[in-house]
Amino acid sequence: SREGAARAWPRTPLAPGEVITAQSGAFERDPQESSTTDEELSRAGSPGSRGGSSSTTPDYGEKRLPQALIIGVKKGGTRALLEAIRAHPDVRAVGTEPHFFDRNYEKGLEWYRNVMPKTLEGQITMEKTPSYFVTNEAPRRIHSMAKDTKLIVVVRNPVTRAISDYTQTLSKKPEIPTFEVLAFKNRTLGLIDASWSAIRIGIYALHLENWLQYFPLSQILFVSGERLITDPAGEMAKVQDFLGLKRIVTEKHFYFNKTKGFPCLKKPEDSSAPRCLGKSKGRTHPKIDPDVIHRLRKFYKPFNVMFYQMTGQDFQWEQEESDK
């Protein structure tokens, strides 16, 4: 089963006794990560295309490099955030993930610009690619494009995020080993396998250290994936303030779907049905051994505390877990 695990998941080996730091090993591409094909991107960048942006995008204006990026994290709520911010008339965003700063960088900035939707003066161009946050080269590359780029990171309880990540993969590859098998180097000793991408992505402090070498904290907004579900309007108010936008996306844009268990987007003056995220969102998680969850919580706790200190924000993931 470990061989099957190795084939299914990229792992970044840690040397014996290696301390996990921002420099420890390159992050490999996760083959399970939602990705955008070159064909989709060329369609997005073709003349007359709307770059995957909302239907109100005019065919006039010009294509600009993005001034703001949603850089992470995978399975944190980035799609929900993108769809909500695209409801703002002063935002134009690519619907597909360009993966420019991790996979397509050699294609050059003109290629990247061409993938963007056209915007008018005063509108913000945006894109989201959640794997940027865990890509070692991304901060330097984005900084060299524009050092004043605004960065948004949607974070979520790393234990829940890891299970969600596994669930997504399981839906595509039902033959993979169990979560419990993949999560441990040694189950008897309780050694968590931090080289498994599903675990490693949630060590937020490790990744943030890399970004802070290039960007001040004031240029990075951390959005709570949990509050994006329980209070989407409140989180969107912070996002709009951070981007220097008028607070136009408000509570009247959201409707809570009890079946899916998360908010859906609706146009405030529109009587049409709310737009919900696709069926791949809100999947039922497999039942995980409670002892494994307990060990994962212990593993993540010091990293979470470090992350709270680095960002000046307490996401209360430990509190949330003690309430269960």
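Two strands count as paired if DSSP finds at least two bridges between them. The exercises below apply this criterion, among others, to a predicted model.

**Exercise 1. Strand 2 and its partners**

Task: Determine how many bridges join strand 2 to strand 5, and in which sense the two strands run.

Solution.
Step 1. Strand 2 covers residues 68–72, and strand 5 covers residues 124–128.
Step 2. Three bridges join the two strands, which run parallel. Since at least two bridges are required, the two strands therefore pair.
Step 3. One position illustrates the register: Ala 68 has Met 126 of strand 5 as its bridge partner.
Step 4. Strand 2 also pairs with strand 6 (residues 150–155), in the parallel sense and over four bridges. Here Leu 69 stands opposite Leu 151.
Step 5. In general, side chains of a regular strand alternate between the two faces of the sheet. As for burial, five of the five residues of strand 2 are buried.

**Exercise 2. The order of the sheet**

Task: State which strands form the edges of the open sheet of five strands.

Solution.
Step 1. The strand order is 3-5-2-6-9, with parallel pairing.
Step 2. Strand 3 (91–93) and strand 9 (220–224) are the edge strands, as each pairs on one side only.
Step 3. On average, neighbouring strands of this sheet are turned by 25 degrees against each other, direction ignored.
Step 4. The partner of strand 3 is strand 5: the two pair in the parallel sense over three bridges. Within this pair, Arg 92 stands opposite Thr 125.
Step 5. At the other edge, helix 11 (residues 232–242) lies across strand 6 and strand 9. The helix runs at about 170 degrees to strand 9.

**Exercise 3. Burial in helix 3**

Task: Identify which residues of helix 3 are buried.

Solution.
Step 1. Helix 3 spans residues 78–85 and is mostly covered, with six of its eight residues buried.
Step 2. The buried residues are Thr 78, Leu 81, Leu 82, Glu 83, Ala 84 and Ile 85.
Step 3. For reading such a list, it helps to recall that an α-helix has 3.6 residues a turn, so residues three or four places apart point the same way.

**Exercise 4. Two salt bridges compared**

Task: For the salt bridges Lys 74 to Asp 165 and Arg 187 to Asp 289, decide whether the residues are buried or partly exposed.

Solution.
Step 1. The side chains of Lys 74 and Asp 165 meet at 2.9 Å, N to O. This pair links distant parts of the chain, 91 residues apart: Lys 74 is in the loop between strand 2 and helix 3, and Asp 165 is in helix 6 (residues 158–172).
Step 2. Buried means under 20% relative accessible area. Lys 74 has 5% and is therefore buried; Asp 165 has 0% and is likewise buried.
Step 3. Arg 187 and Asp 289 meet at 2.8 Å, N to O. Arg 187 lies in the loop between strand 7 and strand 8, and Asp 289 in the loop between strand 11 and helix 12, so the pair ties together parts 102 residues apart in sequence.
Step 4. Arg 187, at 37% relative accessibility, is partly exposed, and so is Asp 289, at 28%.

**Exercise 5. A mixed pair and a network**

Task: Establish which of Glu 235 and Arg 227 is buried and which is partly exposed.

Solution.
Step 1. The two side chains meet in a salt bridge of 3.1 Å, N to O.
Step 2. Glu 235 is buried, at 2% relative accessibility, whereas Arg 227 is partly exposed, at 27%.
Step 3. The whole structure holds 13 salt bridges. Elsewhere, Glu 62, Arg 64 and Glu 121 are linked in a network of salt bridges.

Key: Residues are numbered from 1 along each chain as its sequence is written. This is a predicted model: local features need pLDDT of at least 70, side-chain atom pairs count only at pLDDT 80 or more; totals for chains, interfaces and linings use all residues. Side-chain values use heavy atoms; hydrogens and water are left out. Buried means under 20% relative accessible area, exposed over 50%, partly exposed in between (1.4 Å probe, protein chains only). A salt bridge is a side-chain nitrogen of Lys or Arg within 4 Å of a carboxyl oxygen of Asp or Glu. Axes are lines fitted to C-alpha atoms, for helices over the stretch in contact, and angles run from 0 to 180 degrees between N-to-C directions. Contact means heavy atoms within 4.5 Å.
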